[in-house]
Amino acid sequence: MQGIIFATLYNTKYTLFTLFNNLNTQNIMNVADLKIKNLVEYRNQIFTIIEIFQNNEKDYFVKIENDVHSFSVPARSIKPIQITAEWLEKFGFSRTYSSDQRIRYERPEPFIKYDIDLDSRKIVDGLKIYGNSIKCKYIHEFQNIFSCLFGKEPAAMNYGLVSTKS
């Protein structure tokens, strides 16, 4: 399959403000939100994006891989991975606070926190960076934010062939 390599939007030309305002808030993937090394779900398995490209008809595809498989699929067929307590711990967060209303996770950097709001209104739910709240429901969003802030991918423990609960 011939294609054109797709340049991601997450480079030095864009500010964090732009990145934060473009975060996907639905359970569908927007190809503009994706970048190489993002973790995504495909057929209830976790994959890493290794290439993003267009075919001759201008449809977007992603090449994904895990420990067992490597293949290209239409970008619209992959799904975001919801942030859970398990995923936060895999990305170096530790539970530091728990109540009937909220669970807080923190990374070693003192300015990065993630709150899971147990209230149905979800007022304080999401990532906190330097005291600012950022709606961040999916792993690829966290990866993109972290990469933009620190210039590297967040180190994850072994995420291997984990099934998701879609």
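I started with strand 8: Ile-112, Tyr-114 and Ile-116 point one way, Lys-113, Asp-115 and Asp-117 point the other way, and all are buried. A reminder to myself that this is a predicted model.

Next I asked why strand 8 is largely enclosed by the rest of the structure. I found that six of the six residues in 112–117 are buried, so the strand counts as largely enclosed. For the record, I took buried as under 20% relative accessible area.

Then I looked up the neighbours of strand 8. On the strand 7 side (residues 102–106), I found an antiparallel pairing with strand 8 through five bridges. I also traced the connection from strand 7 to strand 8, and it is a hairpin through five residues. I picked out one pair here: Glu-106 has Lys-113 of strand 8 as its bridge partner.

Which strand pairs with strand 8 over four bridges? I noted strand 9 (residues 126–129), again in the antiparallel sense. Here I saw that Ile-112 has Ile-129 in strand 9 as its bridge partner.

I moved on to helix 3, residues 139–150. I checked the span of its twelve residues: 16 Å from the first C-alpha to the last, close to the 16 Å expected at 1.5 Å a residue.

Is helix 3 mostly covered or mostly open? I got mostly covered, with nine of its twelve residues buried. I listed the buried ones as Ile-139, His-140, Glu-141, Phe-142, Gln-143, Asn-144, Ile-145, Phe-146 and Ser-147.

My last lookup was the residue that follows helix 3: Gly-151, with a positive phi near 70 degrees.

Terms used. Residues numbered from 1 in each chain as written. Predicted model: local features only at pLDDT ≥ 70, side-chain atom pairs only at ≥ 80, totals over all residues. Heavy atoms only, no water. Helix = DSSP H or I, 4+ residues; strand = E, 2+ residues; numbered from the N terminus. Expected span 1.5 Å × (residues − 1). Buried < 20%, exposed > 50% of the residue type's maximum accessible area, 1.4 Å probe, protein only. Pairing = 2+ DSSP bridges.
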